[in-house]
Amino acid sequence: MTGYIEAAKEKFGKLLEEQLARVEAMKGQAGFVNYKELKEIVIGVCGGDGIGPAITGQAQRVLEFLLEKDVQDGKVSFKTIEGLTIEHRAETLKAIPEDVLAELKTCNVILKGPTTTPRKGDPWPNVESANVAMRKELDLFANMRPVRIPEQGIDWTFFRENTEGAYAVGSKGFPVTEDLGVDFTFVTSQGTERIIRAAFEYAKANGKTRVTAVTKANIIKTTDGKFLDIFKDISKEYPEIEADDWYIDIMTAKLVDEKRRRDFQVLVLPNLYGDILTDEAAEFQGGVGTAGSANIGKQYAMFEAIHGSAPRMVDEGREIYADPCSVIRAGAMLLSHIGYQEEADKLYKALDICTVSERKLVITGRNTGATSAEFADYLMETIKKL
């Protein structure tokens, strides 16, 4: 038994060293980018794999339409970044090839199509997820997902911590003996503060009046307790915003409570709870494939569709019929993030009209429905009428 304990201590010690090094690195971080102070905002566009280039190209068209004047004036520019494909990644054996990473770092924000992560049996080498690598390389610690269903009074924005918690070290647990397995969860003051502050800053910038923390601090007292304590401290800096907290178990119930769910606006959560709750929330909107997603850091931000690359559609020549709504919603989030809230609101409103209330075109994924280009045209014509 002594041998097992000593081995466990050694593994745990290495894990602690890694996390303490993260803390020191975060202490020296600069603040959030102020996009209003930039002479030019550079938007990088990565098509990715499969249907990615087709749908991301249409999202870019819509953004260029909405930002036309500032593009002409040089305040905003679009930069197409090639190479974030499974072919190039497999060739270089890199989740993000060095040349692509260098290009990404020249941009302020990134609009990204879906990328392929090889599975066992695939013809590609086992390269890491491009999404995971991008979060690490650009320190995109906040995963932001909005869910909007106007007719039900639902307008939620979730801020999920991306780099800590159970997921960040979930692969580093170990069996102590045949009968005992151990996993870990970590939080840091610095990591917690930046995700909570991001949620409050978003609320402040977007006219939201309530931010809700979701934890299990009554049971998981050290890590969830730290998260909740820091939330309460930071909330004092935003007296104009109501701050409250709920436990994860009751929150999953309240999201389906028609009397209470309309009350929630911005929610901030540790990693694991955020994964659970955002998938539940997306079902109200039509499933996870309908939602856009943002990964936000202090210096960079990446906005993406959250569905896969659908290689079968490409193999069958159907990529022009792919639904671009998820990546276009991500584009609306991008607009809001860089300070173009009026344009973002127009895009959200047009999406509601084109996909729910009016719905003149239907996308089926086949030639029985509209192409992604036809839908983008419909969307832009609707925006003109707003």
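## Interface between domain 1 and domain 2

The centres of domain 1 and domain 2, taken over C-alpha atoms, lie 25 Å apart. Phe32, Asp139 and Asp352 together supply 34% of the area that domain 1 buries against domain 2, more than any other three residues. The model is predicted. Domain 1 is made of two segments, 32–140 and 297–385, while domain 2 covers 148–288.

The table gives the counts and the area for the contact between the two domains.

| Item | Value |
|---|---|
| Domain 1 residues in contact with domain 2, and domain 2 residues in contact with domain 1 | 11 residues and 10 residues |
| Area buried between domain 1 and domain 2 | about 920 Å² |
| Share of the buried area on carbon and sulfur atoms | 47% |
| Salt bridges across the interface of domain 1 and domain 2 | 2 salt bridges |
| Residue pairs in polar contact between domain 1 and domain 2, both at pLDDT 80 or more | 4 residue pairs |

On the domain 1 side, helix H14, residues 341–357, gives the most to the surface that touches domain 2, with 4 residues. By residue class, the side of domain 1 that touches domain 2 holds 5 nonpolar, 2 polar and 4 charged residues.

Asp352 appears again in the charge pairing. Its side chain forms a salt bridge with the side chain of Arg148, at 3.2 Å from N to O. Asp352 is also one of the three residues that together supply 34% of the area domain 1 buries against domain 2.

Notes:
Residues are numbered from 1 along each chain as its sequence is written. This is a predicted model: local features need pLDDT of at least 70, side-chain atom pairs count only at pLDDT 80 or more; totals for chains, interfaces and linings use all residues. Side-chain values use heavy atoms; hydrogens and water are left out. Domain bounds come from an automatic or database domain assignment. Contact means heavy atoms within 4.5 Å. Buried area is the accessible area (1.4 Å probe) that two parts lose on being put together, summed over both. A salt bridge is a side-chain nitrogen of Lys or Arg within 4 Å of a carboxyl oxygen of Asp or Glu. A polar contact is a pair of N or O atoms within 3.5 Å; within protein, one must be able to donate a hydrogen and the other to accept it, and residues adjacent in sequence count only if both atoms are side-chain atoms. Helices (H or I, at least four residues) and strands (E, at least two) are DSSP runs, numbered from the N terminus. Ala, Val, Leu, Ile, Met, Phe, Trp, Tyr, Cys and Pro count as nonpolar, Asp, Glu, Lys and Arg as charged, and the others, Gly among them, as polar.
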